[in-house]
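Hi everyone, thanks for coming. Let me walk you through a structure that may be new to you, one piece at a time.

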Amino acid sequence: MDKRLSIALLLTAIIVAVTPMLFPTPRKAPAVAPAPAARVPDSSAAGLTQSTTPTPMSAIPVINSSDTAPLLSAARPAREEFKSISTAKAVYQFSNVGAVPVSAIMKGYGNLATKKGEVNFQVSGRSLLTFAVVLQRDTIRLDKTAFQTMPQEGDTASGVTYSTIAAGRPVTISYRVDPAHYLIHVTGQVGGEGAPAYVLIGLPSTLPAVETDTTADIRALSYSFKPQRDNARGIPFAKLDPGEKKLEPGPLTWAAVKSKYFVLGIVNLEGSAFEEMTLVGGPRTSKLATSASASVVKAVKNDAFAFDIYAGPQQQNELLSVGRDFDHVNPYGWSFLQPVVNPIAALCIKLLLWLHEHLKLSYGWVLIIFGICIRIILWPLNQSAMRSSLKMQEIQPRLAEVQKRYKDNPDKQREEMMKVYKEANASPFTALSGCLPMLIPMPVLFALFFVFQNTIEFRGVPFLWLTDISVRDPIFILPVLMGISMYVLSWIGLRNAPPNPQAKMMSYMFPVMMTMFLANMASGLNLYYTAQNMASLPQQWLIARERAKGRKPS
């Protein structure tokens, strides 16, 4: 058993190393490569001089919603106007103060933390975004500026335009809501004399906890971003120490802040990019990191800029509809596992969604069918591997005898062992094939572990006695069933086999370990694993009968 476990671990390491080579994450090159942006001079100096020496963008102060919230609440202009735009999917509200979206309510997604109302991205009156205009010698914060609401052309119900004069420059910001998706198209203009200008966009410093398990929701808070020439990456709030500053250089395709199931992101149009992103760790009042701050720099070209806002659920079809690799906003797995887990997780999600759509069944039944299908697909491989295991059990006494007889003559020992393998129509690598059935389902299990942590399609889905398959079984029936099914599999596998104390001990220990490990995991994951075990019982029983009859493997 020790040798087989070592072999299994070795093969797992090989799978981890090889999978990224076989299934690389696709990278979509932008249609037009962005031109190198000029560097922005330092605008934080008290004395404004005529010096033209460029200063790195990292010197730009971070402008974020957590900073502006006290200003907005303490000194709001007398005339604040709001405009609400409702679609079939969401309700968005905009304010003329700062010309920003201030809330986004998700229709059909209840707030499970309070059991009241629907999910709203707004936190304590803070706006969802903040803007500042960075000029060559100055930074103009717009968070307290009262914009004028301009007349809309065309469909006035789906958009709003704001305009103001800031530091002698006309600034216009327009929003147009996509009625079919969770998208807001943003266009803006910064007038002037053609001098370089940049827009500093502050992302939310947090998102509200809206899940039953609020602690898990808070722990999932993170910023994500997508370099144009690299895979998407995520930085959890917990990984940013208070006051710690991280600079992520561009060009960046998009940047986002996300909780467990919801995300707010700003996405560039094809052919454009964000220049860089700055992240700063927020203060902590407990062990949980509840806030952080992030700002993104966008170059103003020809006095104009544009990007999209996605404010909605991390729903696969919706993320895919955004394009620009935004479906990678939630990188699955820990950083070292992402190259392996991400492609498998994406495939698993597509298969589960396809089964749900075509079979018209609850996701609970879909997971059972998915687990059974995996075992049916692996049946031939399992059959071959189990028979290889039978063959090894048959020749093991002969191999042990040869090892004992020629222990002082290694060359003769190897020669006689090869004769035993040849007579039994086996090879020294036969043991490896016996480990494959254990390893092949494991990447799927790992992928599903992360899928259940952040895939909104399973959020609040009931099944039998379960009220939500994305959270743990409240009465632990499924983890116990999973452990029992695993023990029964091991018990059948040991029937009529040569005595093996180690294997017998593991047949007790492993089910208990897996039950304890999965007890607090998503009940859907336990359901999938239990279905797999049940589907494996007939094959294990047939092999046990074959062993009992002394039938030689074909």
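Let's begin with a word I'll use a lot: a residue is buried under 20% relative accessible area, exposed over 50%, and partly exposed in between, with a 1.4 Å probe and protein chains only. By that rule, Ile-376 is exposed, because its relative accessible area is 55%. Please keep in mind that this is a predicted model, where local features need pLDDT of at least 70, side-chain atom pairs count only at pLDDT 80 or more, and totals for chains, interfaces and linings use all residues. Residues are numbered from 1 along each chain as its sequence is written, and side-chain values use heavy atoms, with hydrogens and water left out.

Back to Ile-376, which sits in helix 6, residues 363–377. Helices here are DSSP runs of H or I with at least four residues, strands are runs of E with at least two, and both are numbered from the N terminus. Ile-376 and Ala-535 are 159 residues apart in sequence, and their C-alpha atoms are 7.9 Å apart in space.

Next, the sheet. Four strands make an open sheet in the order 1-2-3-4, with antiparallel pairing. Strand 1 (82–86) and strand 4 (118–120) are at the edges with a single partner strand each, so one side of each has no neighbour in the sheet. Two strands count as paired if DSSP finds at least two bridges between them. Strand 1 and strand 2, residues 90–95, are antiparallel and share 5 bridges, and a hairpin of 3 residues joins strand 1 to strand 2. One bridge puts Ser-84 opposite Gln-93 in strand 2. At the other edge, 3 bridges join strand 3, residues 100–110, to strand 4, and there Gly-110 has Glu-118 as its bridge partner.

Now, what about helix 11? Helix 11 covers residues 477–494, and its 18 residues reach 26 Å from first C-alpha to last, close to the 26 Å expected at 1.5 Å a residue. That expected span is 1.5 Å times one less than the number of residues. Its buried residues include Leu-478, Met-482, Met-486 and Leu-489. An α-helix has 3.6 residues a turn, so residues three or four places apart point the same way.

One last stop: Leu-359 lies in helix 5, residues 338–359. Leu-359 is partly exposed, because its relative accessible area is 38%. Thanks for listening, and I'm happy to take questions!
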